[in-house]
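User: Could you take a close look at one part of this model for me, the salt bridges and the helices that carry them? I would be glad of some context from the rest of the chain as well.

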Amino acid sequence: MDIELGYTRLIMRTAEENGCSLTQTAYILATAYHETAFTMKPVRETLAKTDVAAVQSLEHAWQNGKLSWVKTPYWRADQNGRHWFGRGFVQLTWEDNYQEAERETGYPFHTTPDTALQPVPAATVLVRGMMEGWFGRPLTRFVNNHLCDYRKARQSVNGMDRAAQIAKLAEGYEETLRTNGFQAGQNSMFRRYPVTRFDDRGFAVKHLQESLNALNYGAGRVDGIFGQDTRAAVLAFQANNGLATDGVIEEDDWKALEQGRPRPVSTGRSRTSVTDLRRVGSETVKSADRGEAVSWTAVGTGVLGGAGALSGGQEPSTLQQAATAADTASSIWWRVQPILSTLGEMAPFVLIAAGVCAVVYFKFIKKERVRKAATGLDMSR
């Protein structure tokens with residue numbers, strides 16, 4: 001594959017800036033090559049030379065039933081004379097998508113749609129759109145440190161259309177990139193292992209967080225932001241793998257992550273119980289316990305209300321002598337009864353059902369917290 005063709009090198013640089021791996025870059029290049037009719041230059045939908053020609057081609061195809069899936073002709077001019085047909089290395093279509101691309105990148109795609117034909121903005125849409133899933137599923141789902149499925153990767157742009165053909169192109173680009181030395185190292189034109197540190201943002205950080213979480217290091221939410229949780233996870237990972245504990249991810253750290261050794265967990269921790277977590281003051285367990293207690297009260301309230309309804313609106317004498325918890329439930333029932341009155345006689349039973357569901361939910365929360373503690377996925381309180 002020719003890496004000097006059109007804006008190939010611009011796309012490669014944009015991919016590198018966004019933390020794409022070599023294989024992800026290969027697939028992005030293959031997609032651009034296919035979508036631009038082998039030119040590696042931004043194009044209009046239908047490959048028309050002008051906006052007018054693009055609109056005419058789309059209108060003619062639609063009138064002849066060749067675009068049956070289109071319900072609203074998005075290429076027709078809006079009240080401001082703007083057309084929302086496809087433009088770019090990969091087709092950006094519909095007004096809502098132009099607006100979203102402008103919000104995400106800062107480029108004036110919605111204000112001036114032809115911005116999508118400018119190489120730099122178009123490369124940004126291509127790379128970020130595929131990696132983040134603007135056009136379908138995120139490319140990272142199919143091409144990452146542990147998987148490289150070029151065929152299914154087509155779902156990041158257009159279902160499975162021409163999937164096998166583009167997969168072949170991706171293999172060709174991968175071979176070309178490797179042959180030309182675009183693998184690793186600070187001085188190469190493409191770094192497979194980008195240096196990543198505290199306060200960095202982007203796809204490299206997302207991959208880092210996903211890898212750490214998969215190995216039970218608890219990097220927190222996968223948001224692409226190298227914050228305190230991610231740094232703590234990095235330090236723990238480095239310490240457990242004999243790496244420099246500086247909180248900076250470099251080539252050796254990436255390679256260790258690729259080997260996929262789960263976080264070592266002691267025998268004692270693997271036997272963690274919910275009682276153990278209560279003893280150390282787990283906030284999650286404490287909140288779940290509180291929620292479960294309230295839920296059981298709701299169940300009791302419903303039971304008392306239902307019994308009251310069945311006895312003509314009065315609490316049964318046997319229930320009036322119940323314990324304090326039952327008295328509390330009874331008090332709650334008579335307070336909420338006016339609110340639930342719209343449900344009629346079904347109100348107590350709705351309350352019981354809701355309470356039981358809530359109990360099940362809070363028990364699940366505690367079970368999950370125990371699992372994460374026992375596996376080392378979350379070692380916080």
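Analyst:

**A closer look at the salt bridges and their helices**

Let me begin with a surface feature on one of the helices you asked about. Met346, Phe349 and Val350 together make a nonpolar surface patch of about 280 Å². Phenylalanine 349 sits in helix α15, which covers residues 347–375. The relative accessible area of phenylalanine 349 is 41%, so this residue is classed as partly exposed. Please keep in mind that this is a predicted model.

Helix α15 also takes part in the charged pairs, so to speak of those next is natural. Side chains of opposite charge can pair when their charged atoms come close. Searching the whole structure turns up 20 salt bridges, and three of them are worth walking through here.

The pair that involves α15 is glutamate 292 with lysine 363, whose side chains meet in a salt bridge with an N to O distance of 3.0 Å. This pair links distant parts of the chain: glutamate 292 belongs to helix α12 and lysine 363 to helix α15, and they are 71 residues apart. The two partners have their own surroundings. Glutamate 292 counts as buried because its relative accessibility is 10%, and buried means under 20%. Lysine 363, in turn, counts as partly exposed at 44% relative accessibility. Both residues also belong to a network of salt bridges that links Arg278, Asp289, Glu292, Lys363 and Lys366.

Staying with helix α12, which spans residues 283–310, we find another pair. Lysine 286 forms a salt bridge with glutamate 283, and their closest N and O atoms are 3.7 Å apart. About one helical turn separates lysine 286 and glutamate 283, because they are 3 residues apart in α12. Lysine 286 is partly exposed, with 40% relative accessibility, and glutamate 283 is partly exposed too, with a relative accessible area of 41%.

A further pair lies in helix α11, residues 274–279. There, the side chains of arginine 279 and aspartate 276 meet in a salt bridge, at 2.9 Å from N to O. Arginine 279 and aspartate 276 are 3 residues apart, about one turn of the helix. Their exposure reads as follows: arginine 279 has a relative accessible area of 61%, so it counts as exposed, whereas aspartate 276, at 27%, is partly exposed.

For the context you asked about, let us turn to the start of the chain. Two packed helices are described by the angle between their axes and the distance between the axes. Helix α1 (residues 8–17) packs with helix α2 (residues 22–35) at an angle of about 140°, and their axes lie 10 Å apart. The contact uses Thr8, Ile11, Met12 and Ala15 from α1, together with Thr25, Ile28, Leu29 and Ala32 from α2. The crossing of α1 past α2 is right-handed.

Finally, here is the whole protein. It has 15 helices and 2 strands. Of its 381 residues, 43% count as buried. The accessible surface comes to about 19,700 Å², and 52% of this belongs to carbon and sulfur atoms. Among contacts between residues at least 6 apart in sequence, 57% join residues at least 24 apart. The glutamate 292 and lysine 363 pair, 71 residues apart, is one example of a link between distant parts of the chain.

Conventions: Residues numbered from 1 in each chain as written. Predicted model: local features only at pLDDT ≥ 70, side-chain atom pairs only at ≥ 80, totals over all residues. Heavy atoms only, no water. Patch = residues over 30% accessible without salt bridge, like charges linked within 9 Å, V, L, I, M, F, W, Y side chains within 5 Å. Areas by Shrake-Rupley, 256 points an atom, 1.4 Å probe, with all protein chains shown as cover. Salt bridge = Lys/Arg side-chain N within 4 Å of Asp/Glu carboxyl O. Helix = DSSP H or I, 4+ residues; strand = E, 2+ residues; numbered from the N terminus. Buried < 20%, exposed > 50% of the residue type's maximum accessible area, 1.4 Å probe, protein only. Axes fitted to C-alpha atoms, helices over the stretch in contact; angles between N-to-C directions. Left-handed = near helix turned anticlockwise from the far one by under 90°. Contact = heavy atoms within 4.5 Å.
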